[in-house]
Each structure stands twice: as structure tokens, then as C-alpha cells.
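Please work through the exercises below with the sequence and the model open side by side, attempting each task before reading its solution.

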Amino acid sequence: MISRRIFTAVLLGIFSFIAIFFEGLFVLSVVVFISLGLYEFFSLIEKKGIPMYKYFGTIIGIIIPLSVYSRFELTKGWELLFLSLALVTLFILQFSRRDSTNAVLGISTTMFGILYIAWFFSFMIKLRMLPHGIAFVGCLLLVTKCADIGAFLVGVKWGRRSLIPRISPKKTIEGTLGGILFGVLAALACKMLFLPGLPIFSWLNMVLIGFSLSVLGLLGDLSESLIKRDCAAKDSSSKFPGMGGVLDVIDSLLFTAPAFYFYMNFYLSRAFSSGTSF
């Protein structure tokens, strides 16, 4: 299992590194991961007997990253308007059903899937479109995934005390600390390797970025574990040998991508307003 996990991780890492440099390939990859992730999520929920709007939710999930990439906005805050229209459409679809059992659960869970997977993961595209976006995405992936790897390796080797056994029995306190350490070291490596010489990338800030992204990645991982536990599933699917499904691969990024985008967008906006050049 560990050898297959390492092999899959290496292949995904190589593909991600290549995709970052080619905008079209990167956007296509995000769209594919969103569509497959939504399908896995809706399939998990269907096992609980909740009527899902799987195909509508997947279509909306695909439209969101494409609209982000094309900068399509009918009005300011277009995403919120878009999501509001999606909610209204779900109610209309429910009106056409003969059975109204679990209607609220079906509508709310479909909207949750769209927000949780499609909207959150679309921030990968937003981050890529910022100035120095290639470096930022590289930093995000390296820190988040190094934290995942560190938590796994340290947990397997030295893990003794369970973190939250009712949600994820295999996650340990030792593994969590190891993941944070690996994440901080990865952030420091990013500063030396490829991040631009912006004032916000001081050594102290990189430690804070590494720590914050590692913790958020852990929360993303635990959140997906909570969903799988509720649906009585070990993995979201078996698409990636040794790692599980698409959701198992991107779960930590679902939380770190929006947070890192807002962080970088805030500081870049301040830098541009002050006339700082890059």
C-alpha cells in the first residue's frame, strides 16, 4: 500500500509541476478534478438514500471554474448571483418530483457539494491568474502536500495517540505535528527556490504561511474524513492506487487554496496601491 501510494504521489507531483506552467492544461486539470470530485461526493451521499441532483450539480460545478477563468461577470459579485440562481433552479427541479421526501436534504446537500468542491477548488485558478501566479500555486501545492506527506510518514513511524478517533482513527497527534513541521520546512524552501522577492515573504512570514496552510490542510482532510465516516466509506473511490479517490487527493487543497488566494490578493492589492513594482 505504501509503495503504491508513493508511486501515485510521484506521478501526480510530476503532472502538477508540468500543468502549472501551461495555463490551458492547468485549467482543464482543475475542471476535471472538480467534475470527478463532485461525482464522488454525490455518489457517497446517494448511498445514504438522499435524492441528489447529481448531473445538475456537476454541470454547475464545471461552469464555475470556467467562468472564473474567462472572467465572466454579469455584475460585481457574480459568483454569489450565480449560486443564488443555482439554488432557485434546484427548487424548480424539486417541484417536478412526485416525492418530496428529503427535499430539503437533497437541495441543501447539492448546494453544499457545489460550494465545498467546485467553488473552493476554483480558487486554484484565481491564484494562478494573479501576478507571479505560477510561483504562488507552486508554493501552495508544495506546502500543502508536504504537510500531507509529513503527517503520513511521521504518523506511520511514530504515531501513538489518536487525534480524533471518531472521525479518522489513523490520524495521530504525532502525525499532525510532523505534518506541520514538514509544511513549515516546505514554506521556507519555497522562499529559497522560486518565490519572488516581495517584502511579505520574510522568513517569519514564510513560517506563518507554512504553519497556517498545514493546519488548514489538516482541517480539510478531517472534513472529508467526516463526510466519508458519515457515509460509511473508507475512500471516496479507488481512482488513485494507494491514495483513494479525487476527493482524497484534493481534500486539503479545498481549504488551503481559498485562504492562500485571499492572503496573497490582499497583500498584492496593498503593494499595487502603494506603487510597489514587481
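The exercises that follow concern helix packing, a nonpolar core and a single aromatic residue in a predicted model.

**Exercise 1.** Describe how helix α7 packs against helix α9, and determine which residues form the contact.

*Solution.* Begin with the geometry: α7 spans residues 133-158 and α9 spans residues 203-230, and the two pack with their axes 9 Å apart at an angle of about 60 degrees. Since an angle of that kind falls outside the ranges for roughly parallel, roughly antiparallel and roughly perpendicular, α7 is oblique to α9. The crossing in which α7 passes α9 is right-handed. Next, list the residues that meet: α7 contributes Cys 139, Leu 140, Val 143 and Ala 147, while α9 contributes Met 206, Gly 210, Leu 213 and Ser 214. Sorted by class, this contact holds six nonpolar and two polar residues, with no charged residue.

**Exercise 2.** Carry out the corresponding analysis for helices α3 and α5, and decide whether they are roughly parallel or roughly antiparallel.

*Solution.* Helix α3 covers residues 54-69, and helix α5 covers residues 103-121. Their axes come within 9 Å of each other and cross at roughly 30 degrees. Because angles under 35 degrees count as roughly parallel, α3 and α5 are roughly parallel to each other. Here, α3 passes α5 in a right-handed crossing. From α3, the residues Gly 57, Ile 60, Gly 61 and Ile 64 meet Thr 110, Ile 114, Ala 118 and Trp 119 of α5. By class, five of the residues in this contact are nonpolar and three are polar, and none is charged.

**Exercise 3.** Identify the residues with the most contacts inside the largest nonpolar core, and then examine the surroundings of Met 124.

*Solution.* The largest nonpolar core comprises 71 residues, and those with the most contacts inside it are Phe 121, Met 124, Leu 127, Phe 136, Met 206 and Phe 260. Helix α2, residues 23-46, gives the most to this core, with 11 residues. Turning to Met 124, and setting aside residues up to four places away in sequence, its contacts are Phe 26, Val 30, Val 137, Leu 140, Leu 141 and Ala 257. Two residues named here return to the first exercise, as Leu 140 of α7 and Met 206 of α9 both belong to that helix contact.

**Exercise 4.** Place Phe 112 in its helix, classify its accessibility and find its contacts.

*Solution.* Phe 112 lies in α5. Its relative accessibility is 40%, so Phe 112 counts as partly exposed. Beyond its neighbours within four places in sequence, Phe 112 is in contact with Phe 41 and Ile 227. By comparison, Ala 187 lies 75 residues from Phe 112 along the chain, and their C-alpha atoms are separated by 31 Å.

Conventions: Residues are numbered from 1 along each chain as its sequence is written. This is a predicted model: local features need pLDDT of at least 70, side-chain atom pairs count only at pLDDT 80 or more; totals for chains, interfaces and linings use all residues. Side-chain values use heavy atoms; hydrogens and water are left out. Axes are lines fitted to C-alpha atoms, for helices over the stretch in contact, and angles run from 0 to 180 degrees between N-to-C directions. Helices (H or I, at least four residues) and strands (E, at least two) are DSSP runs, numbered from the N terminus. Angles under 35 degrees count as roughly parallel, over 145 as roughly antiparallel, 65 to 115 as roughly perpendicular and the rest as oblique. A crossing is left-handed if the near helix is turned anticlockwise from the far one by less than a right angle, and right-handed if clockwise. Contact means heavy atoms within 4.5 Å. Ala, Val, Leu, Ile, Met, Phe, Trp, Tyr, Cys and Pro count as nonpolar, Asp, Glu, Lys and Arg as charged, and the others, Gly among them, as polar. A nonpolar core is a set of buried Ala, Val, Leu, Ile, Met, Phe, Trp, Tyr and Cys residues joined through side-chain atoms within 4.5 Å. Buried means under 20% relative accessible area, exposed over 50%, partly exposed in between (1.4 Å probe, protein chains only).
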